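Subject: Structure for you to look at

Hello,

Here is the structure I said I would pass on. My notes on what was found in it come after it.

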Amino acid sequence: MNRFTRPLVLVFLVCLALFAVGTVIDSARAWGGLLTASLFGVTLALGGSVFIAINGVSGARWWEPVKPPASAISATLPVPAATLVATLFLGLGALYPWVHRAHEDPTIAAKVAWLNPPLFLARALIVLLLWLGLGAVLRARLAAANDPASRSRFARISAVFLVLLGPTISVAFWDWAMSLEPKWFSTMFAVYWFSGIYLGGIAAVALLALRREGHGELPVRLTDAVRHDLGKLLFAFSMFWAYIWFSQYLLIWYSNLPEETPYFALRLSGGWSTLFWLNPILNFAVPFVVLMSERAKKNRAVLAQVSIVVLLGRWVDAYLQVGPAVGPLPAFPIYAVASSIALLLAMGLTIGSFGRGVRPMTLEPLSRRTDF
């Protein structure tokens, strides 16, 4: 262990200790914090796979320099998948009210055929195993796509992945997020999560690509055109996310149905409103305003900083799905923050291991760069 990794290991152990103490003194918040971290991590890793698959079916060639970072992001999925499984198996009763109140509330009782622990846990395992398996095949086909025949096979598995993505995302986030408040529902919830998954995936891929370029760890350098394309994607899908976010809010506000409004009423009261409005600022307003110009999209430092803001926004979005359902707003979300830091450190270790075999760039001594 060198002097650079020792502090990170210490931080990781402190975060684990905080979570362990939390499961004893406030189990609902502790498991809610780990669920927040797990959903955040799963969406980022899955976003890497979605990024690969969409470029695979489109036959795009612009993204050649960012293929290794995209694969590295996708390869981190086992880490949040493992923490999510642990959360669902060990924290199920502490998080999901339908586990204990299925026979007390008629609305929940009507959903017992779907919301019951054995079927709930089985669905989670099936979805995660499917994502893990398809992601591994997707990365393997991408690595071997060196001729027309292999590129065709890569395009086919990309199409299969995207076809299965819709129903699996729907099932997963109905279960893991929506059923935290089992009386509430939204027909746009699955699309909302998809928009966030792809937005977070773009931001994560852009940030990792810029960092690796700065250390000379990409096979080819990022040209202005590639950075411009990454910036355009981040700009465009921040607008798509905002469109879905606003549409879901507008339709529920306009209809004013008692089975739909409690979700937003809870998040607009009790101190949660600050985070509620911070969510669109981080995920939409900042990337929209900052990346409006072509020059900003091509600027390494600007693109990196906006990517960090968007990733922070993705965490806030995940926390807003879980935190209000678990309890009142805490003075500081210590369990969610500690769990997320530990998870990101573990995912970072996975990314580092995945990238060790990447051939460094020889075009330019980018390790001396100081702009990122």
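Helices here are DSSP runs of H or I with at least four residues, numbered from the N terminus. Please bear in mind that this is a predicted model.

Overall picture

The chain has 16 helices and zero strands. Its C-alpha trace spans about 65 × 45 × 40 Å along the principal axes. The radius of gyration is 21 Å, which agrees with the value near 21 Å for a compact globule of 372 residues. Of those 372 residues, 51% count as buried. The area that the chain exposes comes to about 16,500 Å², with 69% of it supplied by carbon and sulfur atoms. Contacts between residues at least 6 apart in sequence were also sorted by separation: 81% of them join residues at least 24 apart.

The cavity

How many cavities of 30 Å³ or more does a search of the whole structure find? The search finds one, and the space in this largest cavity is about 100 Å³. Five helices are named as each giving at least two residues to its lining: α10 (189-214), α11, α12, α13 (273-290) and α15 (300-326). In the loop notes below, α11 is given as 224-255 and α12 as 262-267. The lining residues are Phe189, Tyr192, Trp245, Gln248, Tyr263, Phe264, Arg267, Phe276, Asn279, Asp317, Leu320 and Gln321. By class they are seven nonpolar, three polar and two charged.

The second largest pocket

This pocket holds about 510 Å³ of space. Its lining has 20 residues, and those nearest the centre are Trp63, Glu64, Lys67, Leu142 and Ala145. The lining divides into 10 nonpolar, five polar and five charged residues. At least two lining residues come from each of α2 (27-58), α3 (67-74), α8 (117-143) and α9 (148-176).

Two of these helices come up again. The first is α3, where eight of the eight residues are buried, so α3 is largely enclosed by the rest of the structure. The buried residues are Lys67, Pro68, Pro69, Ala70, Ser71, Ala72, Ile73 and Ser74. Lys67 is thus listed as buried and is also among the residues nearest the centre of the pocket.

The other is α2, which contains serine 38. Is serine 38 buried or exposed? Its relative accessibility is 0%, so serine 38 counts as buried, the cut-off being under 20%. Apart from neighbours within four places in sequence, serine 38 contacts Pro80, Thr83, Leu84, Thr87 and Leu343.

A loop residue

Where does glutamate 259 lie? Glutamate 259 is in the loop between α11 (224-255) and α12 (262-267), two helices that each supply at least two residues of the cavity lining. Glutamate 259 has a relative accessible area of 34% and is therefore partly exposed, since that class runs between the 20% cut-off for buried and the 50% cut-off for exposed. Leaving out residues up to four places away in sequence, glutamate 259 touches Lys183, Trp184 and Phe185. Tryptophan 184 is 75 residues from glutamate 259 along the chain, yet their C-alpha atoms are separated by 5.8 Å.

Regards

Definitions and conventions
Residues numbered from 1 in each chain as written. Predicted model: local features only at pLDDT ≥ 70, side-chain atom pairs only at ≥ 80, totals over all residues. Heavy atoms only, no water. 1 Å grid on protein atoms, 1.4 Å probe; cavity = no way out; pocket = protein on both sides within 12 Å on 5 of 7 lines; lining within 4 Å. Points joined across faces, edges and corners; volume = space filled by probe spheres on them. Nonpolar A, V, L, I, M, F, W, Y, C, P; charged D, E, K, R; others polar. Buried < 20%, exposed > 50% of the residue type's maximum accessible area, 1.4 Å probe, protein only. Contact = heavy atoms within 4.5 Å. Rg over C-alpha atoms; globule rule 2.2 N^0.38 Å. Areas by Shrake-Rupley, 256 points an atom, 1.4 Å probe, with all protein chains shown as cover.
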